[in-house]
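Student: I'm new to this structure and would love a close look at one place where helices meet. Please start there, and then lead me on to the parts around it and the rest of the fold.

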Amino acid sequence: MSYQNALELNKGPQLGSKSPRGTGSVATDEDHHPALLENQLCVGDFLKIQSAFEPSEPCQTICMSREEFMQRMTEIVGWGTKEEYGEFFDKVDVAQDGFINWDKLTSFMLLALHENDERAKATVVPQWKDFELLPTKHKDIIQKVIFLKSSSRYLTISKEGLLGVWGENLKLQETFPITSDATKLKHLWVTSMVSLENINKVLRLWDIQHQLSIQRIACSFSKSQDFRCLFHFDEAHGRLFISFNNQLGRLAMKSEAGKRVKSHKKAVTCVLYNSVLKQVISCDEGSTVAFWMIDTGQKIKQFTGCHGNAEISTMALDANETRLLTGSTDGTVKVWDFNGYCHHTLNVGQEGAVDISQILVLKKTILVTGWERAITVFRLQNFNQYFIQPEKWKGGIQHCDDILCAAFLPPQTLVTGSYDGEIILWNNNTEDAHYVLHPDYQRLLKSKWDTEPQKLLSAGRSHSACPSANQATLGPCSFETNTTYNNAVVRLCILEARKNTAETGGANLVSCGGSGYVRFWDTFKKQLLAEFLAHGGVGSIIMCTDKSNQYLATGDLDGQLKIWNIEEYCLNSSKSKITQAPTLIRSFRPHEARISSLEMCKPGGRLLIISSSADCSICVTDVFGAPVWIFGQEKHWQIENSFSLPKRDTHVMKSESQEESIREIPLLSKEESCLDLPECSLLDKKNNDGSTYNVRPSEVINLGIKYKERNILKKKTHNLYKGEFIQKSSSAFRSLSIGALKELPEVTKPAFLWDPEKYFREEPKEECSQIPEPPLLSETLNAVFDEKNLFPKEILDRERRAKQLYQETSSEVKIKRNKKQL
């Protein structure tokens with residue numbers, strides 16, 4: 001769609017109208033908000049705006065600041081307030097450069113119109129599920145498909161005279177041959193079938209108003225030169241039947257198509273947050289990468305066909321967040337800048353298709369996992385060319401199943417998790433594996449002749465069989481287990497904020513995956529400290545944590561998202577495994593399908609959770625119960641106003657054991673209860689005696705038991721003053737004490753204050769010596785250049801003979817000319 005045609009579709013005020021709102025062209029969204037200024041501008045208004053940006057000379061570019069734009073537009077366009085034009089300027093200036101030009105403005109308008117077109121298409125174009133073939137008994141071409149409304153059955157008839165009766169659940173109930181003794185099968189040729197109810201539907205996939213095809217449906221049938229195709233659309237049930245000769249297929253329409261806002265056209269596979277640019281980066285199965293502003297939800301740009309038509313399964317950012325790495329099912333990882341230029345292509349699959357699940361960018365290497373038992377490594381020292389080949393991992397193959405995820409624990413520990421539930425600890429410098437962690441056992445990997453693995457107590461569930469001593473001696477992958485892969489490790493998170501776990505103990509690694517369990521590990525003591533069921537009965541889950549390791553977010557296959565408080569969970573090591581879950585803060589369902597990726601970020605001091613899903617949407621919300629916003633929705637949000645902290649702790653759902661511990665807390669005395677404490681917010685923590693201390697949201701404060709007891713004692717002593725109880729006070733101060741200030745000793749001034757000229761005196765500038773002029777070229781030559789010194793003798797002889805031949809021939813020609821003249 002051209003820009004001129006796009007503007008013609010934009011309903012706005014006519015030329016000369018001073019108040020566009022009086023013309024009746026007010027576009028309201030689903031919440032009935034006032035129309036945006038950019039949606040009310042007509043073609044004439046844009047021509048006026050364009051004239052304001054036209055330079056006096058062709059080589060110039062006119063740029064306007066915010067104040068200048070507000071003033072000029074109100075004068076030139078003739079309607080609209082300065083505040084509206086200021087908001088319009090902020091939307092155009094997404095990079096916050098402080099100025100805009102005509103190119104920026106038109107780019108914004110074209111992108112906005114494109115999003116409106118895509119949003120309109122989503123509400124009109126049917127959304128189909130995957131195509132599937134129905135099992136039939138027809139042996140010849142299917143000639144007709146009808147639906148009997150009275151009995152809710154489908155009928156199919158084929159050329160050989162076989163009638164199929166289908167239930168509403170699309171199960172073939174029975175078949176009847178329509179032959180008789182008088183009419184044999186060889187004499188029969190069925191061409192059509194008519195229902196007496198005459199209920200025929202018409203498939204409409206054309207936009208009649210614009211006379212354009214709005215959807216193209218592609219189905220996979222076997223190739224044939226002679227074919228006949230038939231369509232039947234059951235509008236009541238949202239089913240499209242397609243027959244191809246003797247095959248019958250069905251396309252089922254997705255429920256509530258077009259009602260939910262979509263961020264991508266296809267299922268979103270991964271989402272990242274760039275803290276430098278304050279942007280959200282997302283990718284989908286259609287090989288598209290999109291960039292969004294976290295502050296408003298506005299789409300900035302998108303790159304299509306990054307890996308052709310192959311799915312982008314995962315992404316990663318480098319340490320400086322200036323390069324984007326995309327991994328695809330085509331077997332490659334590409335390194336991009338944010339202008340859409342590909343700098344390198346990593347040949348991960350060796351010219352084959354692979355399923356890449358994670359890209360881990362380290363200081364000197366890039367590790368890629370997901371489709372085999374080995375780690376694929378690329379060393380940064382080889383990044384001096386475009387196509388880069390992988391190198392061999394020095395530690396070899398230690399996993400018994402495919403590696404699904406990896407994480408790095410500074411300074412040199414690499415952790416990998418596999419499909420069979422094993423977690424292996426590696427030395428990243430030497431690339432050697434030294435320990436295996438599993439919910440049922442742990443074993444050392446110093447050599448192939450290891451002792452029997454240490455067993456852990458069962459948590460009341462059926463676990464896989466542990467390897468015996470004889471099996472362990474055969475190598476890491478020689479034994480077979482009866483596991484159902486309920487312990488598959490899909491995600492690994494390092495708790496980097498817990499700095500002293502090596503000395504004090506406690507969990508520094510979190511894993512999740514199969515069966516919905518989350519497990520906390522101590523990698524220093526090689527111990528499983530805790531495990532709990534986060535999502536039951538939904539299969540595999542994913543997770544993420546914030547940088548301060550205060551909150552843990554988990555998502556499942558049904559689109560359910562849960563947020564847990566893990567700030568004080570497994571801070572100390574224990575002999576017995578903890579099965580009690582941490583505090584559940586929030587549980588909600590932002591998506592209708594599988595959650596594919598989770599990310600936590602903290603722009604402006606507000607902790608936000610970003611989730612992507614197979615339902616083609618990307619959602620953002622906070623920890624404490626703010627509304628869920630979807631990237632791509634028509635109304636943009638303001639992060640300062642949309643995500644605010646609640647006043648009361650109403651969403652925290654405590655577990656049964658925590659409620660029992662609260663019941664055991666002694667009640668306050670009457671004297672202590674007479675004090676009115678301020679209302680607790682969600683970030684307030686309760687002490688054992690019921691008093692509160694406030695945790696600032698902008699900091700990460702890990703309070704130990706001793707500090708809590710000291711804080712409790714301090715608050716109790718403040719409640720009493722000279723043995724008497726303080727009466728109710730309406731102010732924030734409980735007591736004030738005024739006394740004489742102590743005299744401070746005389747401070748001797750430093751020497752540079754007494755004599756500043758001595759220390760800060762400017763040194764006289766030395767005169768720069770003049771650079772001597774270079775000598776002449778003739779003075780530096782040791783000998784005069786001659787052709788004899790520059791070229792070989794053979795070339796000089798050949799040139800000399802050529803000159804002689806030329807002179808002889810030219811002299812002969814002159815002699816002949818002279819004779820003719822005479």
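Tutor: Helix α4 passes helix α5 in a right-handed crossing, where the near helix is turned clockwise from the far one by less than a right angle (anticlockwise would be left-handed). This is a predicted model, in which local features need pLDDT of at least 70 and side-chain atom pairs count only at pLDDT 80 or more, while totals for chains, interfaces and linings use all residues. Residues are numbered from 1 along each chain as its sequence is written, and side-chain values use heavy atoms, leaving out hydrogens and water. Helices (H or I, at least four residues) and strands (E, at least two) are DSSP runs, numbered from the N terminus.

The axes of α4 and α5 come within 9 Å and cross at roughly 130°. Such axes are lines fitted to C-alpha atoms, for helices over the stretch in contact, with angles from 0 to 180 degrees between N-to-C directions. The two helices are therefore oblique to each other, a word for angles left over once those under 35 degrees (roughly parallel), over 145 (roughly antiparallel) and 65 to 115 (roughly perpendicular) are set aside.

Now look at who touches whom, with contact meaning heavy atoms within 4.5 Å. From α4 come Arg-66, Phe-69, Met-70, Gln-71, Met-73 and Thr-74, which meet Lys-82, Tyr-85, Gly-86, Glu-87, Phe-88, Phe-89 and Asp-90 of α5. By class, this contact of α4 with α5 holds six nonpolar, three polar and four charged residues. Here Ala, Val, Leu, Ile, Met, Phe, Trp, Tyr, Cys and Pro count as nonpolar, Asp, Glu, Lys and Arg as charged, and the others, Gly among them, as polar.

Two residues named above also form a salt bridge: Asp-90 with Arg-66, their closest N and O atoms 3.0 Å apart. This pair links distant parts of the chain, Asp-90 in α5 (residues 82-92) and Arg-66 in α4, 24 residues apart. The term needs a side-chain nitrogen of Lys or Arg within 4 Å of a carboxyl oxygen of Asp or Glu. Across the whole structure, a search finds 14 salt bridges.

Helix α4 (residues 66-76) has a further partner, α3 (residues 43-53): their axes come within 10 Å and cross at roughly 130°. So α3 and α4 are oblique too, and α3 passes α4 in a right-handed crossing. Lys-48, Ile-49, Ala-52 and Phe-53 of α3 make the contact with Phe-69, Arg-72, Met-73 and Ile-76 of α4. Six of the residues in this contact of α3 with α4 are nonpolar, none polar and two charged.

Let's move on to the strands, which pair if DSSP finds at least two bridges between them. One open sheet has four strands in the order β4-β5-β6-β7, paired antiparallel. Its edge strands, β4 (142-148) and β7 (172-177), each pair on one side only. Neighbouring strands in this sheet are turned by 20° against each other on average, direction ignored. Inside it, four bridges join β5 (residues 153-158) to β6 (residues 162-166), and Thr-156 stands opposite Gly-164 in β6.

Another open sheet of four strands runs β3-β12-β11-β10, again with antiparallel pairing. Because β3 (132-133) and β10 (229-234) stand at its edges with a single partner strand each, one side of each is left without a neighbour in the sheet. Two bridges join β3 to β12 (residues 247-252), with Glu-132 partnered by Arg-250.

Finally, β21 and β22 form a hairpin with three residues between them.
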